[in-house]
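The following exercises concern a single protein model. Please examine the sequence and the structure before reading the solutions.

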Amino acid sequence: SRVEGGRVSPERSDVDVRNVLKGMYDLVSAPAARRNIELSLECSDESLVALVDQRHLKQVLFNLVQNALRYT
């Protein structure tokens, strides 16, 4: 809502989504293991670059994974 309201403007740049996913995996794998939840991450060797706001992409992915862990 802040973006739509013009209060926050995304800072888009070319981001390798694989690196973001790997970072997210590293961040949440230990808490998942403590709850006996096995996570896996499979990425191709090819680069996947997207024009996105990296900070917001990380936040969205973190929220999705945290919710999945919370309700699994």
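**Exercise 1: Asn36**

Asn36 counts as exposed because its relative accessibility is 74%, where exposed means over 50%, buried under 20% and partly exposed in between (1.4 Å probe, protein chains only). The model is predicted: local features need pLDDT of at least 70, side-chain atom pairs count only at pLDDT 80 or more, and totals for chains, interfaces and linings use all residues. Residues are numbered from 1 along each chain as its sequence is written, and side-chain values use heavy atoms, with hydrogens and water left out.

Task: locate Asn36 and describe its phi angle.

Step 1. Asn36 lies in the loop between α1 and β2 (49–53); helices (H or I, at least four residues) and strands (E, at least two) are DSSP runs, numbered from the N terminus.
Step 2. The phi of Asn36 is near 60 degrees, a positive value in a residue other than glycine.

**Exercise 2: the largest nonpolar core**

Task: list the residues of the largest nonpolar core and state which helix gives the most.

Step 1. Val15, Val20, Met24, Val28, Ala32, Ile37, Leu61 and Leu69 form this core of eight residues. Such a core is a set of buried Ala, Val, Leu, Ile, Met, Phe, Trp, Tyr and Cys residues joined through side-chain atoms within 4.5 Å.
Step 2. At least two residues come from each of α1 (17–34) and α2 (54–70).
Step 3. With four residues, α1 gives the most to this core.
Step 4. Not counting residues up to four places away in sequence, Met24 touches Lys58, Leu61, Phe62 and Val65, a contact being heavy atoms within 4.5 Å.
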